[in-house]
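The following report describes selected features of a protein model, moving from strand pairing to side-chain packing. Please consult the sequence and structure shown here alongside the text.

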Amino acid sequence: MFFWMKEWMPVTRRRLLLLVCLLGVLALLVWTEPRKLYQDLRFTWAKQAIEESVGSDITQVADGLYLFNGVETRRGPQCVEYAERYYVTRYPGTFPLYNSGPGAFDIWEGIAESKSVGGWDTHRQFFNAYANGTVPPQPEDMLLYDRTVGSGWGHVAIIAEVHPGAVVILEQNRDWDTRRILPLVGNEIVDNGVKGVVRLKANDEAAKVDKSEG
């Protein structure tokens, strides 16, 4: 490309093109840095507000352990055990009992990709799957991580609260504290390996909106 430019374009045109390219890069840098700074500050403010808020839907029952909608996190069992126990308790019949797929990510593969894993052939009809950022997250969504985390097994958490700029998730088999606050930029939950959310159809506000508009 550069040889062609030297051969056919006058020096002034080449310099003008180079100047335009440099200005484009500069504009991108000028736009990106303040935007990221704003997002970081927004998350910091959101996290602080969540930590200071009262009337949370989450109750701490022990150091690093929490109760949400009558289902507590535990230390020891796998992440899938919490998701299964949550849905079996709250919505009986929607989640395969004693889930035995290849790991947490089988939930995504079984529902979003219709694979025959983890018993989802007989249960996927109860859920919708959305790629990260495509719809606003909701409380009680399962947050699915791909196989780049969890030593290739993936990971699953339950979204307990959604706030402007942040979501609160509960999970097992990750850290001592089973509660985390993650940045929310637009509809996108920002964390390494996030694939998307899996949502019970009965609670799916996004699907209800689509039907009303259709």
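## Strand pairing and side-chain packing

Strand β6 (residues 155-163) and β7 run antiparallel and are joined by five bridges. The model under discussion is a predicted one. Within this pairing, Ile 159 stands opposite Ile 169 of β7. The hairpin formed by β6 and β7 has two residues between the strands, and Gly 165 adopts a positive phi near 90 degrees there.

On β7, a further pairing is made with strand β8 (residues 179-185), again in the antiparallel sense and over five bridges. Here Val 168 has Ile 181 of β8 as its bridge partner. Strand β7 (residues 166-170) is mostly covered, five of its five residues being buried. The burial concerns both faces of β7: Ala 166, Val 168 and Leu 170 are buried on one side, and Val 167 and Ile 169 on the other.

An open sheet is formed by three strands, in the order β1-β2-β3, with antiparallel pairing. Because β1 (58-62) and β3 (71-72) stand at the edges with a single partner strand each, one side of each is left without a neighbour in the sheet. Four bridges connect β1 to strand β2 (residues 65-68) in the antiparallel sense. Gln 60 has Tyr 66 in β2 as its bridge partner.

The bridge partners named above are collected below.

| Residue | Bridge partner or opposite residue | Strand of the second residue |
|---|---|---|
| Gln 60 | Tyr 66 | β2 |
| Ile 159 | Ile 169 | β7 |
| Val 168 | Ile 181 | β8 |

The aromatic residues form another group of interest. A search of the whole structure yields eight aromatic pairs. The ring centres of Tyr 82 and Tyr 86 are 6.2 Å apart and the ring planes stand at 65 degrees, so this pair is edge-to-face. Tyr 82 and Tyr 86 belong to helix α3 (residues 79-90), where they are four residues apart, about one turn of the helix. Both of these tyrosines, Tyr 82 and Tyr 86, are buried. For Trp 120 and Phe 127, the ring centres lie 5.7 Å apart with the planes at 80 degrees, so this pair is edge-to-face. Trp 120 and Phe 127 are buried. Ring pairs link a cluster whose members include Phe 68, Tyr 87, Tyr 91 and Phe 95, together with Tyr 82, Tyr 86, Trp 120 and Phe 127. In addition, Arg 75 lies over the face of Trp 176, at 3.5 Å from the ring centre.

Trp 120 and Phe 127 also lead to the surroundings of Ile 111, since contacts of Ile 111 beyond four places in sequence comprise Trp 120, Arg 124, Phe 127, Asn 128, Ala 129 and Val 198. Ile 111 is located in helix α4. Its relative accessible area is 9%, so Ile 111 is buried. In sequence, Ile 111 and Asp 121 are ten residues apart, and their C-alpha atoms are 8.3 Å apart in space.

Arg 124, one of the residues touched by Ile 111, sits in the loop between α4 (105-111) and β4 (127-131). A polar atom of the Arg 124 side chain lies 2.5 Å from the backbone oxygen of Gly 110. With neighbours within four places in sequence set aside, Arg 124 is in contact with Gly 110, Ile 111, Ser 114, Lys 115 and Ser 116.

Technical notes
Residues are numbered from 1 along each chain as its sequence is written. This is a predicted model: local features need pLDDT of at least 70, side-chain atom pairs count only at pLDDT 80 or more; totals for chains, interfaces and linings use all residues. Side-chain values use heavy atoms; hydrogens and water are left out. A polar contact is a pair of N or O atoms within 3.5 Å; within protein, one must be able to donate a hydrogen and the other to accept it, and residues adjacent in sequence count only if both atoms are side-chain atoms. Contact means heavy atoms within 4.5 Å. Two strands pair if DSSP finds at least two bridges between them. Buried means under 20% relative accessible area, exposed over 50%, partly exposed in between (1.4 Å probe, protein chains only). Rings of Phe, Tyr and Trp (its six-membered ring) pair if their centres lie within 6.5 Å; planes under 30 degrees apart count as stacked, over 60 as edge-to-face and the rest as tilted. A charge sits over a ring if NZ of Lys or CZ of Arg is within 6 Å of the ring centre and within 35 degrees of the ring normal.
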